[in-house]
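These are my notes from a first look through this structure. I wanted to see what is packed inside, how the helices meet and where the chains touch.

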Amino acid sequence: MEQKEALFNYLLRLADNAAILGHKLSEWCGHGPELEEDIAIINTALDLLGHARSLYTYAGEVEGKGRTEDDLAFLRIEREYKNALITELPNGHYGDTIARQYLFDQFNYLLFTELEKSSDETIAAIAAKAIKEIRYHLRRSIEWTLRLGDGTEESHNRIQESFDNIWAYTGDLFVEDVSDEEIIAAGIGPDLKALQPIWREKVKATLAEATLTIPEDGWMHSGSKEGRHTEHMGHILSELQYMQRAYPGCEW
Amino acid sequence: MERKDWPLWEVFVRSKAGLSHKHSGSLHAPDAEMAISNARDVYTRRNEGVSIWVVESKHIHSTLETDSESMFDPNEDKIYRHPTFYDIPDEVGHM
């Protein structure tokens, strides 16, 4: 595989993670459990969309076929999206959203910390800007995990169940394929296999502080890197792409 | 399910180094740390601040509306308390 192709794949994965999770979080707009929380979660959604925009734009440049950030965000079919499965899971109740967010933020934080040192200057620059926001996302999702886990008996039981349910989607974050091998060899991105034990230790410590139990590692879903998604992805895209499909080239 | 409202907090934001914290508004939060976090998201998302104070609203003691006649009105006509009867040299600059 050519390095250019590997880099394009790699950028799409990063961009799709941010775009799809940002889109899921944006569904809370106007429905947050409290006014303040509604604003806070939408700030996170907007941060993620900002990351997605920079990454899609750069992916389009790397690909060199004249595709813009909008083309990449709105005009691909499901199999061409490479976001991690965890990012497309339903929002559920607020504990589900927080558990999904914490597990992803912890991963994203470790990943972008490494990407700041990328041999690719554009990725390093995007990461240096994004990491400040990601650090805040992580701080918030940890705070909420602590409060829900160590809150009432009901909040404790419900968020424990959220972590248990989502756990099987976390393995997918660390799957590596031939594009990753190219990226690691070129010093563009970190070895995900090396991040996994660090991620696990951090998650374990946070859950312990929140009086929660880290779920057992069992069978894990995978496939996002080949574009194999959960049943939720089609529904996300039908809503996300509606305007561009119905009114091609529409701008506002 | 019984619903308990989170306590109310008053938010003070310093817009830049050297200036004092000014009251920005209020918000609800379960505790001080989340109040700071919420204040960051509600009151500084358009780059309004470099520092935040929060205090639970119940800890603020205030004058009473009904006292305002005796508290404030008597100062309306005491212009001699304003330091406006001498010229400030230009070199002094902003005071």
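I looked first for the largest nonpolar core, and I found that it has 65 residues, with Leu11(A), Ala15(A), Leu55(A), Ala59(A) and Ile86(A) having the most contacts inside it. I use "nonpolar core" for a set of buried Ala, Val, Leu, Ile, Met, Phe, Trp, Tyr and Cys residues joined through C-beta atoms within 7 Å, where buried means that 20 or more other C-beta atoms, placed from the backbone, lie within 10 Å of the residue's own, exposed means 12 or fewer, and partly exposed is in between. The largest share of this core, 13 residues, comes from H1(A); helices (H or I, at least four residues) and strands (E, at least two) are DSSP runs numbered from the N terminus. I noted separately another core of 11 residues, among them Val11(B), Ala29(B), Met34(B) and Val54(B).

I recorded that this is a predicted model, in which local features need pLDDT of at least 70 and side-chain atom pairs count only at pLDDT 80 or more, while totals for chains, interfaces and linings use all residues. Residues are numbered from 1 along each chain as its sequence is written, and chains are lettered from A and ligands numbered from 1 in the order in which they are written.

I then followed Ile86(A), which touches Arg100(A), Leu103(A) and Ile166(A), among others, leaving out residues up to four places away in sequence; a contact here is a pair of C-beta atoms, placed from the backbone, within 7 Å.

Next I checked how H4(A) and H6(A) pass each other, and their axes come within 9 Å and cross at roughly 50°. I list H4(A) as oblique to H6(A) because of that angle, since oblique covers what is left after under 35 degrees (roughly parallel), over 145 (roughly antiparallel) and 65 to 115 (roughly perpendicular). Among the residues that meet there are Arg100(A) and Leu103(A) of H4(A) and Ile166(A) of H6(A).

Between the chains, I saw eight residues of chain A in contact with 12 residues of chain B. H2(A) gives the largest share of the chain A side, four residues.

Finally I looked at two residues other than glycine with positive phi: Thr211(A), near 60°, and Asn47(B), about 65°. Thr211(A) sits in the loop between H8 and H9 of chain A and counts as exposed because it has 12 C-beta neighbours inside 10 Å. Asn47(B) is in the loop between H1 and E3 of chain B, and its 7 neighbours inside 10 Å make it exposed.

Terms used:
Two residues are in contact if their C-beta atoms, placed from the backbone, lie within 7 Å. Axes are lines fitted to C-alpha atoms, for helices over the stretch in contact, and angles run from 0 to 180 degrees between N-to-C directions.
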